[in-house]
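Visitor: I am new to this structure and would like a close look at a single part of it. Please take me through that part slowly, with its surroundings.

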Amino acid sequence: MFLKELSGQRLCGLRIQHKETQDEPGEVIFTGRTAVSETERGKKTTTSEKIALICKHYHISADYLPGLSDYPAGGCERWTEDGE
């Protein structure tokens with residue numbers, strides 16, 4: 001089940017784990033710190049395209065972020081640094 005709050009908590013946890021400010025994921029999804037903050041607090045969601053960019057940035061499964069899976073790395077081995 002998709003929950004905005006869980007998705008936001010996971011995004012925040014990933015960002016902190018990678019020692020990033022809210023600016024870094026904002027740059028990845030072409031938005032500002034305020035939008036990242038609102039997403040992390042479960043106040044808003046984002047597009048599937050931006051979810052894909054976040055997953056690629058953090059090398060996680062697209063199922064993990066929205067709470068469809070509890071396994072962050074599931075299937076993300078195809079992500080590479082050069083974008084292939």
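Is Asp-70 buried or exposed? I would like to hear about the salt bridge it belongs to, and then about the others.

Guide: Asp-70 is exposed, with a relative accessible area of 65%, and I should say at once that this is a predicted model. The partner of Asp-70 in a salt bridge is Arg-10, and the closest N and O atoms of the two are 2.7 Å apart. Because Arg-10 lies in helix H1 while Asp-70 lies in the segment after helix H4 (48-58), this pair ties together parts that are 60 residues apart in sequence. The two ends of the bridge differ in their surroundings, since Arg-10 is buried, with a relative accessible area of 11%, whereas Asp-70, as said, is exposed.

To place this pair in the whole, the chain has four helices and zero strands, so that its elements, read from the N terminus on, run α-α-α-α. Of its 84 residues, 32% count as buried, and among the contacts with a separation of 6 or more, 57% are between residues 24 or more positions apart.

The structure holds three salt bridges, and another of them also starts from helix H1, where Arg-15 is found within residues 4-17. The side chain of Arg-15 meets that of Glu-40 in a salt bridge, with 2.5 Å from N to O. As Glu-40 belongs to helix H3 (residues 33-40) and Arg-15 to helix H1, the pair ties together parts that are 25 residues apart in sequence. Here both partners are covered, for Arg-15 counts as buried at 11% relative accessibility, and Glu-40 is buried too, with a relative accessible area of 10%.

Leaving aside residues up to four places away in sequence, Arg-15 touches Glu-20, Thr-21, Gln-22, Pro-25, Glu-40 and Tyr-58. One of these, Pro-25, is ten residues from Arg-15 in sequence, and their C-alpha atoms are 7.5 Å apart in space.

There remains the bridge between the side chains of Asp-23 and Arg-33, which meet at 3.1 Å, N to O. Asp-23 lies in helix H2 (residues 23-28) and Arg-33 in helix H3, so this pair ties together parts that are ten residues apart in sequence. Asp-23 itself is partly exposed, with a relative accessible area of 29%, a value that falls between the under 20% of buried residues and the over 50% of exposed ones.

Definitions and conventions. Residues numbered from 1 in each chain as written. Predicted model: local features only at pLDDT ≥ 70, side-chain atom pairs only at ≥ 80, totals over all residues. Heavy atoms only, no water. Helix = DSSP H or I, 4+ residues; strand = E, 2+ residues; numbered from the N terminus. Contact = heavy atoms within 4.5 Å. Buried < 20%, exposed > 50% of the residue type's maximum accessible area, 1.4 Å probe, protein only. Salt bridge = Lys/Arg side-chain N within 4 Å of Asp/Glu carboxyl O.
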